Amino acid sequence: MTTSGIRRLRRNRAAAPSEMLQRFPLFRSRARGSSFSVCAFFLPVILLIFASFPSLVRAQNPNGSLRGEVQDASAARVAGARVVAQSTGSSITRETRADERGEFRIDGLLPGAYRVTVTAAGFVQAVANIDIAVSLVRDISVTLKPEGGPETVNVQGSTSSITTESVDTASAVHQGVVGSRDLETLPLAARSFANIAYLVPGTAPVEPSDPTKARITAVSTGGSSGLNNELSVDGGDNSDDWIGGFLQNLSPDTIQEFDVRTANEDADTGGTTAGSVVITTKHGTNQWHGDAAFYERAARLNARFPIENPAPNPKQPFSRQNYVGTLGGPLAKNKAWVFASFEHVHENASIAYSPASVTQFDALAQLAAAGLIPGVPSIAVPATVPIPFRDYMGSLRFDFAQSSKSQWFLRSSEDSYITRNALVQQGTLPSTGLTTHNNYWNTVLSNSYAFSPTWLGTLVLDASLLHLTQTRNSDLGFALAFPFSTTTQTISGFETFGDNQFATPITLFPDLRNQEKYQVRYDLSRATGDHSLKFGVNFIHEPVLSGAFAATAETLIQYASNPDHYLQNTGDFYFSPECAAGVPPDGSTCTHTPAGNGNFSQNVQRLAFYAQDSFRASHHLTVNYGLRYQTTFGLFTASGLSQASNPSFNQLVSLGYPQAVPHDFRKQFAPRLGIAYSPGGSERTVIRAGFGMFYNDLAQNGWATAFQAVNAKSVAPPSLIDPNYKTPYAIHVTGGVQHAFDEHWIVSADYTHEQGDHGYRAYPYPSATVFRSDNRSSYDALMLRVQGNVSRRFSLTAHYTLARAQTWGCLLGELFDYVNGVCDPYNAFNPRDYGPSGEDVRHRFVLAGTVHVPGGFELTTLTQAESARPFTITNATNDGRISVNGRPTSLDEFRGTPYIQADLRVSRPIKVGERWQINPFAEFFNLFNRNNPGANYVASITQLPIPPDQISSGNVTSICTVSDCSTTVPVTNRKQLEIPAGGLGDFFGPGTTVGIPFAAQLGVRVTF
């Protein structure tokens, strides 16, 4: 199985304020005129000119926009009206004038609250307080009254939240904005901002992507793990280009808003298969503000986890405290501001061994005491293993208003965490654990300069660093693996005693990782009444994308039976430090790997540019269209050398491939088109449709062994890259309708089709593994959503998704995430190898909202329910799937149990004076204490309770009913083979699970 098979991650628009401007006479529905300007004619020419230049990636704008029109009481347009948008917390101001049709647009607005003032000769001034959301366009309509007295109408806004929304008539993008209030009030089990992204239709919970970043969650979209999403923070790239997903974690209290896009039709989005996450951080204002919070969880507040810790086992000790603090304010009023945030996580998790595990450990200790494991006279068997985790996240941001035209900000963030005894599992001793130390650092410097009321330029300079080390607990030179230790074919639970091998049958992960990334991006936009043109160029220089696999001499002995068997039959026990004693007689295996060079290294550059236009064709119709081009440099260069230096390079011809090196793909042209149509005059309904083509070079971990081979001059098995490489891409087609019944209730229905082509796959030939880009996949989803906001009583959002995600694979089916395996390289598209992806969730329902009850209490819930997820059960050699009663099983044919989790938060805000507020709260996760394995089931035939001859044959016909398998019952239903192995996401140890058992958390937040 390919080294990239790290077990899979498991995983609109909300808008704007709840006060709807249409309720007020000065801000009501539009009646736009229609005009086709010269810009619309020249844009295709501009696109072609751009496409002729050498090649950019990831260029998302974290700011928002304001557009609208000005008219008088008779609905006649008012040309030349002065429109001023001023941030309510600072002096930052943007100004424009309505054109001859009375239309205006202001781009590049920092998300937050604004005071919009509209003035024109002969009319009374109109004022509105509105909220601008990240990466979205806010529409208003202004009706000016004739002069006759000093009259000003004030429309109050409110904090943006996923549970409040107004109809967006300008965009075809499927998205949802999650605001700071959502992050503060909705219950988050792991205090991860990504968990709240589940509120957006088309997303789902996912498992951690990688044990080297087990605490950084991702956002699943489009039936995949989310590792392929484009991720940015304050306009700077935040993608891990080796494993995928977020590069750096952020405290929820650092974030102002984030926008989750499940389908993009804008050309400024790249390096994705259509999903993206755009984050903007909090900033200082003219008034000092901040908060402090404390969160407490302990074992006494948690339920027992019956899958891993059933009674009468001792309950697993656990405690966690989160300490949070933020402070922001003016360094120089109306000129410079600062905002700082810090969060510390102090967690003490543990593993409490079950009696079955202790029995096997004691038997192994007796084998050592009998001298059968030379050099190890004794093995300690503790009752529990502590797994302490410490995390420190900090961020510091400075904003500076150089002038009315020029604004700057500088943000620097850091995340450093240590996990000790990582990867120790229920069936493994502490010697197999690791100490993992992760360090992340990121700095963004940005300037927005308004050349005129219609032209805006934005510069982003970004630098980021990842340094990760993993040190194993023991260095004995060998590892012993017994069947009882492996609960599922994942990174966890492989070795029983001895050195951690940094690998399992389907995975290989590094013990050292380094990533340095430097980004220069520039966007230029021109906003008029009819058109909003945008051009962008983005260059990412990644001189360090490197790491190392374990390369010390290692011996791995995989035993056919458990220690208690060998204690009774000591003559069957085999041990040889370097496998010198021959082949074990009972079917056990011994593998010795000599010392080598595990280093791998790349130096990659990513370049892209785009041009797009949002054209208001009429007062009913907006057309968004554009073209993007992107490419890479050095994608296949390892340590400065091409794949021609791979010692197995000459094998390509014998395998039927041309003897040539792969090259960066230069034909990544990606057109985008989106249409938003609002029939009638009320603009309460909008119909959307879109098309987009998205290229993504994905993560590089899939074929890292091919880069390692260049350094090591050998790698087993030999690894090569197909010279006929093409960048994987996805074609997205979307459509939908959204309707507002009134200012309280909005419903929407959206459909998405994604067709994936040239996905990565590994062809395991007998003499070598060849990585190719020839896989195909598909995803279809129907998403229904309702949002209600009855201001003083309750607010809610609920959505249902009916979806299907399918692809080709051998042991795992992944959409644009990892390198899928091929069971038979000579029959790569066998119909039995086509099936659901690992994130194929057919039905999913989410409900979130807040209810205000008597006594000042607030009840907030986040409830999720979804149908069972698929998984595969592999044969004993882990190179294929099992058969049941003589019939081979297909890809991900097995399904677990539905996932249902209801989380609740109870709080009682207490006002203290004008500005201070104390908010004590209690949070309850998995309120009904439901077991939620997700797809975490025993996935190897070696771990099923079946007779030994069926394990070796790979064909299951009966199940053992007693431990010694002296009696069996026939298999009449596949459900008999489905054995839970943990919670959803419980692959890398305590603290990383999504489907946790019941847990309660107490805390308090003080805000001023």
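This passage walks through a small sheet, a buried aspartate and some ring contacts in a predicted model.

The sheet is an open one, built from 3 strands in the order β46-β45-β51, with mixed pairing. β46 (887-888) and β51 (955-956) sit at the edges with a single partner strand each, so one side of each has no neighbour in the sheet. Strand β45 (residues 883-884) runs parallel to β51, and 2 bridges join them. One end of such a bridge is V884, whose partner in β51 is V956.

Elsewhere, D107 is found in strand β4 (residues 103-109). With a relative accessibility of just 6%, D107 falls under the 20% cut-off, so it counts as buried. Its side chain has polar company all the same: the side chain of S65 makes a polar contact with that of D107 at 2.5 Å, and the side chain of R105 makes another at 2.9 Å. Leaving aside residues up to four places away in sequence, D107 touches G64, S65, R94, L456, S525, A527 and S532.

Then there are the rings, with 32 aromatic pairs in the structure. W916 and F1008 make a stacked pair, 4.9 Å from centre to centre and with 25 degrees between the planes. This pair ties together distant parts of the chain, 92 residues apart: W916 belongs to strand β50 (residues 916-925), while F1008 lies in the segment after β54 (999-1007). W916 is partly exposed at 44% relative accessible area, and F1008 is partly exposed too, at 23%. Ring pairs also link F482, Y559, Y566 and F573 into a cluster.

Charges turn up over rings as well. The charged end of R672 sits over the ring of F694, 3.9 Å from its centre, and that of R905 sits over the ring of F921, at 4.3 Å from the centre.

Technical notes
Residues are numbered from 1 along each chain as its sequence is written. This is a predicted model: local features need pLDDT of at least 70, side-chain atom pairs count only at pLDDT 80 or more; totals for chains, interfaces and linings use all residues. Side-chain values use heavy atoms; hydrogens and water are left out. Two strands pair if DSSP finds at least two bridges between them. Helices (H or I, at least four residues) and strands (E, at least two) are DSSP runs, numbered from the N terminus. Buried means under 20% relative accessible area, exposed over 50%, partly exposed in between (1.4 Å probe, protein chains only). A polar contact is a pair of N or O atoms within 3.5 Å; within protein, one must be able to donate a hydrogen and the other to accept it, and residues adjacent in sequence count only if both atoms are side-chain atoms. Contact means heavy atoms within 4.5 Å. Rings of Phe, Tyr and Trp (its six-membered ring) pair if their centres lie within 6.5 Å; planes under 30 degrees apart count as stacked, over 60 as edge-to-face and the rest as tilted. A charge sits over a ring if NZ of Lys or CZ of Arg is within 6 Å of the ring centre and within 35 degrees of the ring normal.
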